[in-house]
Amino acid sequence: MERRNDLGRGRLRREVRTFEAMLALFCRERHGAGRGALCAACDELGAYARERLARCPYGAAKPACNLCPIHCYRPEMRERVREMMRHAGPRMLVHRPVLARFHLLLDARRPAPPLPARGERRGGGGLASDS
Ligand code: SF4
Ligand SMILES: [Zn+2]
């Protein structure tokens, strides 16, 4: 069975939280969603991004997705994430300054390490985005 990353701890947890905060902000401002709610399209995008993170072969050592040589996102989803980030990125500093600073300082420019060999993911089950 394919191994999945634990999104509930450490760095990956922070990536999920940041992504979800950006998506919620985007959906509220662009699609009129209420607080705590997402439209169907953004809900789909969030589920897709979580699944990508859970299956990311780098595990907790993952680079920023925009610097990743694998680019595991489907082109359409990648474009949708880009659009969302373009909108929400600058606003995060106002709405969620702590998460935004963590993201900018620790995650957004992280380069890709060598790809771990199969079955040797760093951070493994207990490990724990980008952008
Ligand atoms: S784009 Fe790269 S870093 Fe991002 S989830 Fe996919 S494989 Fe991991
Ligand atoms: Zn939406």
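Which residues have the most contacts inside the largest nonpolar core? In this predicted model, local features need pLDDT of at least 70 and side-chain atom pairs count only at pLDDT 80 or more, whereas totals for chains, interfaces and linings use all residues. Residues are numbered from 1 along each chain as its sequence is written, and chains are lettered from A and ligands numbered from 1 in the order in which they are written.

The largest nonpolar core (buried Ala, Val, Leu, Ile, Met, Phe, Trp, Tyr and Cys residues joined through C-beta atoms within 7 Å) has 22 residues, and Met22, Leu23, Phe26, Met84 and Ala88 have the most contacts inside it. Two or more residues are given to this core by each of α1 (10-31), α2 (40-55) and α3, with α1 giving the most, eight residues. Helices here are DSSP runs of H or I with at least four residues, numbered from the N terminus.

In α3, the buried residues (20 or more other C-beta atoms within 10 Å of their own, C-beta atoms being placed from the backbone) include Met84 and Ala88. Ala88 touches Met22, Leu25 and Phe26, residues up to four places away in sequence not being counted; contact requires C-beta atoms, placed from the backbone, within 7 Å. Helix α3 bends by about 35 degrees at Gly89, with Pro90 following within four residues, the bend being the angle between axes fitted to the seven residues ending there and the seven starting there.

His71 is placed in the loop between α2 and α3 and has a positive phi of about 50 degrees although it is not a glycine.

Methods: A residue is buried if 20 or more other C-beta atoms lie within 10 Å of its own, exposed if 12 or fewer, and partly exposed in between; C-beta atoms are placed from the backbone. Two residues are in contact if their C-beta atoms, placed from the backbone, lie within 7 Å.
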